[in-house]
Amino acid sequence: EAGASAPEQNIPEPQFVVSSSSPNGPNQFENVQSAIDQIDSESESGAVIGIEGGFDDTGTNNQPNIDVSEVTLTGFSGSTPQIGALNVNASDVTVKNLNVDGNLDIADETSDVTIDGVTFDGNGNSIGTGIDNLTITNSIIQGGGVEFDLTNNSSAEISNNSIDAGSGIGI
């Protein structure tokens, strides 16, 4: 088990590591998108991308796009990492223990997306329509509400969160 940003959370050991220091191994990367792009969705089902504490790419305009299913993106080892906006365009994705200094966008028709222990500081978080089995727990959403549309018997669990959207905007 890797050391977690929040001690009460269980963090799986990452196979891919994103670090602010220069990568020095075959599965170490300078940014989140490079790690995502390295995953072979057939042979690395259940891959874990760990972002080391202290990592901060918020000034780079990077907007990682998780487009591979069965992936966990998690902060580990020390302080909570900071990344830019985040797009989720695949099913069976877990995002945990991060600060996202931008919007969360989850694509239409995805399923089994879990957001846990994440702080979002965006101004227009958007969760697509027809998402099935969406879970947002233990998170903080600031600067914008969360917009989503549950259709076609889809489900969502939204619990133990704080939403401070200002101007009366919320879920």
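This passage describes the fold of one chain in a predicted model, from its overall make-up to a few single residues.

The chain contains one helix and 16 strands. Of its 171 residues, 44% count as buried, and the accessible surface of the chain comes to about 7900 Å², of which 37% belongs to carbon and sulfur atoms. When the contacts with a separation of 6 or more are considered, residues 24 or more positions apart account for 32% of them.

In the interior, the largest nonpolar core has 33 residues, and those with the most contacts inside this core are I49, L73 and I83. In soluble globular proteins, nonpolar side chains tend to be buried together. Each of the three residues named here can also be placed with respect to the strands, and I49 serves as the starting point. With neighbours within four places in sequence left aside, the contacts of I49 include P14, F16 and V18, further A35, I36 and I39, and also the run V71, T72, L73 and T74. L73, itself among the residues with the most contacts inside the core, is thus also a contact of I49.

The pairing of the strands gives a setting for these contacts. Strand 3, which spans residues 47–52, is mostly covered, since five of its six residues are buried. Strand 1 (residues 16–18) runs parallel to strand 3 and is joined to it by three bridges, and within this pairing F16 has I49 as its bridge partner in strand 3. Strand 3 also pairs in the parallel sense with strand 5 (residues 71–76), here over six bridges, with A47 having V71 as its bridge partner in strand 5. Strand 3 is therefore paired both with strand 1 and with strand 5, where two strands count as paired if DSSP finds at least two bridges between them.

From strand 5 the description passes on to strand 8. Four bridges join these two strands, which run parallel, and the bridge partner of L73 in strand 8 is V95. Strand 8, at residues 93–100, is likewise mostly covered, with seven of its eight residues buried. Strand 6 (residues 82–83) is also parallel to strand 8 and is joined to it by two bridges; in this case I83 stands opposite V100. A further parallel pairing links strand 8 to strand 10 over seven bridges, and there V93 stands opposite V113 of strand 10. Taken together, strand 8 has parallel pairings with strand 5, with strand 6 and with strand 10.

F16 also takes part in a contact between rings. The count of aromatic pairs comes to one, and this pair is formed by F16 and F29, whose ring centres are 6.3 Å apart and whose planes make an angle of 35 degrees, so that the arrangement is classed as tilted, a term used for angles that are neither under 30 degrees nor over 60. Because F16 lies in strand 1 and F29 in strand 2 (residues 28–29), the pair ties together parts that are 13 residues apart in sequence. Both F16 and F29 are buried.

Q15 lies in the segment before strand 1 and is partly exposed, with a relative accessible area of 41%. Apart from residues up to four places away in sequence, Q15 touches N27, G46, A47 and V48. For V48, a polar atom of the side chain of Q15 lies 2.6 Å from the backbone nitrogen. Q15 and E44, which are 29 residues apart in sequence, are separated in space by 9.4 Å from C-alpha to C-alpha.

Two residues in loops deserve a separate remark on their backbone angles. D92, found in the loop between strand 7 (86–88) and strand 8, has a positive phi of about 60 degrees although it is not a glycine. E109, in the loop between strand 9 (104–106) and strand 10 (111–121), likewise has a positive phi, of about 65 degrees, and is not a glycine either. As regards their cover, D92 is partly exposed, with a relative accessible area of 33%, whereas E109 is exposed, with a relative accessible area of 56%.

Methods
Residues numbered from 1 in each chain as written. Predicted model: local features only at pLDDT ≥ 70, side-chain atom pairs only at ≥ 80, totals over all residues. Heavy atoms only, no water. Buried < 20%, exposed > 50% of the residue type's maximum accessible area, 1.4 Å probe, protein only. Contact = heavy atoms within 4.5 Å. Areas by Shrake-Rupley, 256 points an atom, 1.4 Å probe, with all protein chains shown as cover. Core = buried A, V, L, I, M, F, W, Y, C linked by side-chain atoms within 4.5 Å. Phe/Tyr/Trp six-rings, centres within 6.5 Å; stacked < 30°, edge-to-face > 60°. Polar contact = N/O pair within 3.5 Å; in protein donor to acceptor, adjacent residues only side chain to side chain.
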